[in-house]
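Biologist: Please put the model on the screen. I have some questions about its packing and strand pairing.

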Amino acid sequence: MTDMSAISGLTEAEAAARLLREGHNEIPSGRRQSIFFMAFEIVREPMFLLLVACGLIYLVLGDIREAVMLLGFVIVVMIITFYQEQRSERALEALRDISSPRALVIREGRQRRIAGRDVVRGDILVLAEGDRVPADSSLISCLNLSVDESILTGESTPANKTECSGEPVMQRPGGSATPFVYSGTLVAHGQGVALVRAIGQDTEIGRIGKSLRSLEQEKTPLQEETARLVQRLAIVGLAICLLIVIIFGIIRGDWLNGFLAGITLAMAILPEEFPVVLTIFLALGAWRISKKQVLTRRVPAIETLGACTVLCADKTGTLTFNSMSVRKIFAGRSFYDIEGVHAGRTFPEEFHELIEFGILASKKDPFDPMEKALRQSGIQTLLNTEHLHDDWTLVHEYPLSRKLPALSHVWKSPDGMNFVIACKGAPEALADLCHFDEQQNYELADRIDSLAGDGLRVIAVAKAEFFPSALPGEQHDFAFTFLGLIGLADPVRPNVRNAIAECYSAGMRVIMITGDYPATAQNIGRQIGLFSCDAVITGHELDAMDDAALKDRISEVNIFARVVPEQKLRIVNALKEKGEVVAMTGDGVNDAPALKAAHIGIAMGGRGSDVAREASSLVLLDDDFSAIVHAVRMGRRIFDNIRKAMAYIFAVHVPIIGLSLFPVLLGWPLILLPVHIVFLELIIDPACSIVFEAECEEEGIMRRRPRDPKDPLFSLKTIGLSLLQGIIVLASVLAVFAVAMKRGQGEQYARTLTVTTLVIANIGLIFANRSWSRTIISTVGSPNPALWWVTAGAAFALVSILFAPFLLNLFHFSALYTEDLFLCLAAGLLSVVWFEVLKVLSGRSRENSY
C-alpha cells in the first residue's frame, strides 16, 4: 500500500469549483412526481369523481351557480393535495440526500468522510472492505483487493484488482487483475486507494441507466390495513348510496335529487382522509426522526419502533466513543499503568519493545481508533528513542481473517539484511502463533482477566524475523516471540446510562454484544447500568449450544462476549422465537444478515459499511446509542398521533353520515348538500395532517410497555369511543335542526344553525382527541401552534360565510341572529363536554385507550 501521508489530494477550493462546474455525483432517480402525474392521481380519487358527478347533476337541474361552485371546490381540493404531496416529497428528498453512499476521501492531506454525491473528479478515495464504490476510479495502490461487480457484470465471484501504472484509459468492467473500480460495486475484501475518473451519469452504472439505491417508499402494514378499511367502507357507501337513491325516488318521486342525496351520503361515508393522513404522518415522521440523527431507510420501521421490546447494541462505538487510549500494559511478568505518561518521562525499558512492535503492526497513518491510540502512546513514551521507525518500508501485510483474528506487517529497514515481522491481534490467536503450552495459556488467561476486569480491551503483540527469501503464505510459518499485552480504554458515552434507564422504564430490554472479553463487558455493563451483568454467554459457548438451548437461556442473559458478527444472526433468531420485537445494531459486512433478520436493523452511519447500511432499516448518523432511544420515543409519538387522527376521522364522519341519512329516512328536507360535505372535508384534512402530526408526545410515553405489534390500529375500543363521540355530536346537531324547524325558522335557517354547530363541534373534537392536560398546556404555552392556526382558520371561514351575503347564498344559508350563534357555540361544545363527562363516569381514560 502507498504511504497515504504522502498523498495530498484536492484542496477544498478545487473540489468546490469542480462540484459547481460538473454537478453532483448522482444519477437522476426519476422519483419526483410531475404536476401532471399528481393531477392524474387526483382525478382517479373517488372523492373527485363524486364531486364531478354532483356537478353534472346540478348542470342537468339547470343550477349553473351550484355546478360552478363545486368545480371551484375541486380546484381547492387539488391545491391542497398538491401541497400535501409536495410536503411529503420534500421530506423524502431530504432523506435521500443523506442516504446516498458515503465516501472516505483525502483532501488537503487529510482523510475525511463525505456524502458520495459530493465526490468530484480527481478526488482520492480510500476504499476498505464493505464500502460501496462511489465513482468510477483507477487504483493508485491496493492490498489484497477484490470487488463484487455483479451489479454491472452479473458475475457472482469478486474480481481481484491490481494497482495501475501511469494513467490508463478507463475500461469496461469485467475480468480480473484490472486496475479499475466502478461506481455501485462493492469492496468484498482488502483495501485500496483510487483516483476518481468519472462521476454521475458518466460512470458505467450511469450509462446503462441504473440508479443508486436510495430510500424506497413502501406500503406499510398500517397503510395496507387502512386501504382494506377504506375499500370496505367504499363498498358499504356505494350500497347505501343506491338504497338512498331508490328510497328517495320512490317516496318523493324525484330521482335526480335522489341521486344527489345518494352521492352526498357516499361522500360522507368515504373516509378518503385515511391514506392521506398515513402518507403524510409516516413521511414527515421519517423526516422528524432524521433530525435526531437517525436516518429511516425503510418506512415500516417507524411503525415497529413503538413495539420494540429488545434492543441489541454493539459495545464499541455505540455504547462507547470508539476513541481509545492505551491505559495499561503487560510485558515480561510486570504490569505498567501508562495513563498520564508524557513525552520526556522515563519509560521502563522492558516495555519499549511491546509499544514499538504494536506500532509496527499498525498503519503509518492510521484511521482505526485502536491503531491511533498505539501511535499516540508511542509518541508519548518512545519519543527520541531508536524504537520509532518512520523510515522503514512495509513489504507485505497479512490481514485479519475469520479463522485467525491477527494481522502481521512485514518491514524492511533501510540498511537491514532481513525482514522484521510485527503481529498484533486477539491474545488467543497470538498464543496459538507463539505455540503456547497449557501452563502458558493458563498464565495468559490470568493476565487477560486482570486487564479485562478494569474494563479494558485487550490485544497481544508478538515479533518475528525472516531472512530474505520468498515470504510464506500464512502467518503460522513465522517463528513468533510473544511480547506482551496492551489494555486500551474506550470511555463510555456520558448519556448512555440515562438512555438505558429510559429503555428499562419503557419496558425495553437491552442486550450488549461485544467481541471483548467477558470481564471487560461486565465492567462496561455495570458502568452503564445494565441489568444482570453476572450472566454472560461467550461466542465459544454460543457455538456449543443448539438452538433450543440458546432459546432457553437467552431470556436471562444480557451480555454476549467474544462474539463474532456471524453469531449475531443466531441471537436475533432466538429472540424472535421468544416472541420479542428485536432491534439490532451493526456496522460490518458480516453484520448484514443479522440486520436484515431483525425487525429493526440499525446500521452505524459514522463507521459502518455501506453493506450494513443497505441491509438496515435505520442508520445512526452519529453512532450514538441515545439516538436509538430518541427514535423509539419518536416512533411511539408518531403512532400515537396516527391513532388520534384516525379516532378524530371516525368521530367526525358519524354526524356527517347521520345528517345525510336521517333526513331521507325521516322525510325532512336535506340538511347537508355536496357543498357542505366538501367544506367539512376541507376542515378535516388540514386538521388531521397539521394538528395531529405536529402534536407533542404524551406525558409518560416512555413509561409504558411497548405496544403489541399484533394490535390493530382500529381496535374495538378506539372505534367504540370514536362512535360514541360522533353519536353525541350527531344527537346535538339533529336536536338543533329539529328545534329550529319546530320554531318555524325555515329550512335554510335550520340548515345554517346545524352546520354551524357541526363545525364548532368538529373543532371541539380536535381538542377532545388530545389529552386535556395537553390542551391546557397548549392554551398557556402553545407548544403546538398548528392547533390554533387550524382553529382560527376554521372560525374565520365560518364567520366569513355567515356574514357575507354572497357566500350565504352559495351555501344555502341564512344570516343568524347573534343569540342563535351563541346557541350553536354552546350546543357544539356541550356535545364534546358530554362525551368527556361520560368518559370520566365510565372510568375510561382516552390516554390509556390510545
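Biologist: Which residues of helix α12 are buried?

Modeller: This is a predicted model. Helix α12 spans residues 352-360 and has eight of its nine residues buried, so it is largely enclosed by the rest of the structure. The buried residues are His352, Leu354, Ile355, Glu356, Phe357, Gly358, Ile359 and Leu360.

Biologist: What covers the buried residues of α12?

Modeller: The cover includes both helix and strand elements. Helix α13 (369-382) is one of them. The strands include β10 (325-331), β13 (406-412), β14 (419-425), β15 (457-466) and β16 (481-489).

Biologist: In what order do the eight strands of the open sheet run?

Modeller: The pairing in this sheet is mixed. Its edge strands, each pairing on one side only, are β8 (294-296) and β18 (536-538). Neighbouring strands are turned by 20° against each other on average, direction ignored. The order is β8-β22-β21-β20-β9-β17-β19-β18.

Biologist: Which helix packs on the sheet, touching β17, β18 and β19?

Modeller: The strands touched include β17 at 509-513 and β19 at 559-561. The direction of the helix makes about 150° with that of β19. The helix, residues 518-527, is α17.

Biologist: Are the residues of β9 that point either way from the strand buried or exposed?

Modeller: Val310, Cys312 and Asp314 point one way from β9, while Leu311 and Ala313 point the other way. Five of the five residues are buried, so β9 is largely enclosed by the rest of the structure. For both groups the state is buried.

Biologist: How many bridges join β9 to β17?

Modeller: On the β20 side, β9 (residues 310-314) runs parallel to β20 (residues 582-586) over three bridges. There Val310 stands opposite Val582, and Leu311 stands opposite Ala583. On the β17 side the strands also run parallel, and Asp314 has Ile513 as its bridge partner. The number of bridges between β9 and β17 is five.

Biologist: Which helix gives the most to the largest nonpolar core?

Modeller: This core has 103 residues, and those touching the most other members are Ile500, Ile528, Leu530, Ile602, Phe625, Ile642 and Met646. Leaving aside neighbours within four places in sequence, Ile500 is in contact with Leu319, Val510, Ile528, Gly529, Leu530 and Phe625. Another core, of 31 residues, lies apart from it, with Val410, Phe419, Ile421 and Cys423 among them. With 19 residues in the largest core, the helix that gives the most is α23 (residues 625-666).

Biologist: What is the handedness of the crossing of α8 and α23?

Modeller: The axes of α8 (residues 255-269) and α23 come within 8 Å and cross at roughly 160°. The two helices are therefore roughly antiparallel to each other. Ala261, Thr264, Leu265, Ala268 and Ile269 in α8 meet His653, Ile656, Ile657, Ser660, Leu661 and Val664 in α23. The crossing is left-handed.

Biologist: Which residue in the turn between β1 and β2 has a positive phi?

Modeller: Six bridges join β1 (residues 102-107) to β2 (residues 110-115) in the antiparallel sense, with Leu104 opposite Arg113. The two strands form a hairpin with two residues between them. The residue in the turn with a positive phi, about 55°, is Glu108.

Biologist: Which residue in β3 stands opposite Ile106?

Modeller: All six residues of β1 are buried, so the strand is largely enclosed by the rest of the structure. Arg102, Leu104 and Ile106 lie on one side, and Ala103, Val105 and Arg107 on the other. β1 also pairs with β3 (residues 124-128) in the antiparallel sense over two bridges. Opposite Ile106 stands Ile124.

Notes. Residues numbered from 1 in each chain as written. Predicted model: local features only at pLDDT ≥ 70, side-chain atom pairs only at ≥ 80, totals over all residues. Heavy atoms only, no water. Pairing = 2+ DSSP bridges. Helix = DSSP H or I, 4+ residues; strand = E, 2+ residues; numbered from the N terminus. Axes fitted to C-alpha atoms, helices over the stretch in contact; angles between N-to-C directions. Contact = heavy atoms within 4.5 Å. Core = buried A, V, L, I, M, F, W, Y, C linked by side-chain atoms within 4.5 Å. Buried < 20%, exposed > 50% of the residue type's maximum accessible area, 1.4 Å probe, protein only. Parallel < 35°, antiparallel > 145°, perpendicular 65-115°, else oblique. Left-handed = near helix turned anticlockwise from the far one by under 90°.
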